[in-house]
Amino acid sequence: MDPKGLAVFLIIGLIAGFLASFVVGGGGLVRYLLTGVIGAFVGGFLFSALGINLGISNALVNQVITSTIGAIVVVLLAQLIA
């Protein structure tokens, strides 16, 4: 992955983690980044496994929404386990 792609991926993860914190609580820049990046993988996996297509033509918005939903799932599972 090139540096620009990595930066975009991390920014999307940061935004997704921040948005997920509004739904399930939590805070801190590192936590936003970690939950958002992990959520991007989880959301992408869940959406492709379940055949979900958001129908949004803007790829950046589509990825932020997918990552946010994945981050919410990750945080809820972590709270359930803890």
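## Surface and overall dimensions

The accessible surface of the protein chain amounts to about 5200 Å², and carbon and sulfur atoms contribute 75% of that area. These values, like those that follow, are computed from a predicted model. Of the 82 residues in the protein chain, 29% count as buried.

The radius of gyration of the protein chain is 12 Å, which agrees with the value near 12 Å that a compact globule of 82 residues would have. Taken along the principal axes, the box filled by the C-alpha atoms of the protein chain is roughly 35 × 30 × 20 Å.

## Helical architecture

The protein chain contains three helices and zero strands, and its elements, read from the N terminus on, follow the order α-α-α. Helix α1 covers residues 3-24, helix α2 covers residues 29-50, and helix α3 covers residues 59-81.

Among the contacts in the protein chain with a separation of 6 or more, 60% are made by residues 24 or more positions apart. Two threonines of helix α3, T66 and T68, are described further below, together with the residues that they contact elsewhere in the chain.

## The aromatic cluster

The structure holds three aromatic pairs. One of these is formed by F18 and F22, whose rings lie edge-to-face at 4.9 Å centre to centre, with 75° between the planes. Because F18 and F22 are four residues apart in helix α1, about one helical turn separates them. As for their exposure, F18 is partly exposed, with a relative accessible area of 37%, whereas F22 is exposed, with a relative accessible area of 61%.

F18 also pairs with Y32, again edge-to-face, at 5.4 Å centre to centre and with 85° between the planes. This pair links distant parts of the chain, since F18 belongs to helix α1 and Y32 to helix α2, 14 residues apart. Y32 has a relative accessibility of 17% and therefore counts as buried, the cut-off for this class being under 20%. Taken together, F18, F22 and Y32 form one aromatic cluster.

## Threonine 66 in helix α3

T66 is found in helix α3 and is buried, its relative accessible area being 6%. A polar atom of the T66 side chain lies 2.9 Å from the backbone oxygen of N62.

When residues up to four places away in sequence are not counted, T66 touches G39, G43, G44, F47 and L54. Of these, G39, G43, G44 and F47 carry numbers that fall within residues 29-50, the span of helix α2.

## Threonine 68 in helix α3

T68 is likewise found in helix α3, and with a relative accessibility of 10% T68 counts as buried, because the class takes in values under 20%. The side chain of T68 has a polar atom that lies 2.7 Å from the backbone oxygen of V64.

Leaving aside neighbours within four places in sequence, T68 is in contact with A16, L19 and A20. These three residues have numbers within residues 3-24, the span of helix α1. The contacts listed for T68 are thus with A16, L19 and A20, while those listed for T66 include G39, G43 and G44.

Terms used:
Residues numbered from 1 in each chain as written. Predicted model: local features only at pLDDT ≥ 70, side-chain atom pairs only at ≥ 80, totals over all residues. Heavy atoms only, no water. Buried < 20%, exposed > 50% of the residue type's maximum accessible area, 1.4 Å probe, protein only. Polar contact = N/O pair within 3.5 Å; in protein donor to acceptor, adjacent residues only side chain to side chain. Contact = heavy atoms within 4.5 Å. Rg over C-alpha atoms; globule rule 2.2 N^0.38 Å. Areas by Shrake-Rupley, 256 points an atom, 1.4 Å probe, with all protein chains shown as cover. Phe/Tyr/Trp six-rings, centres within 6.5 Å; stacked < 30°, edge-to-face > 60°.
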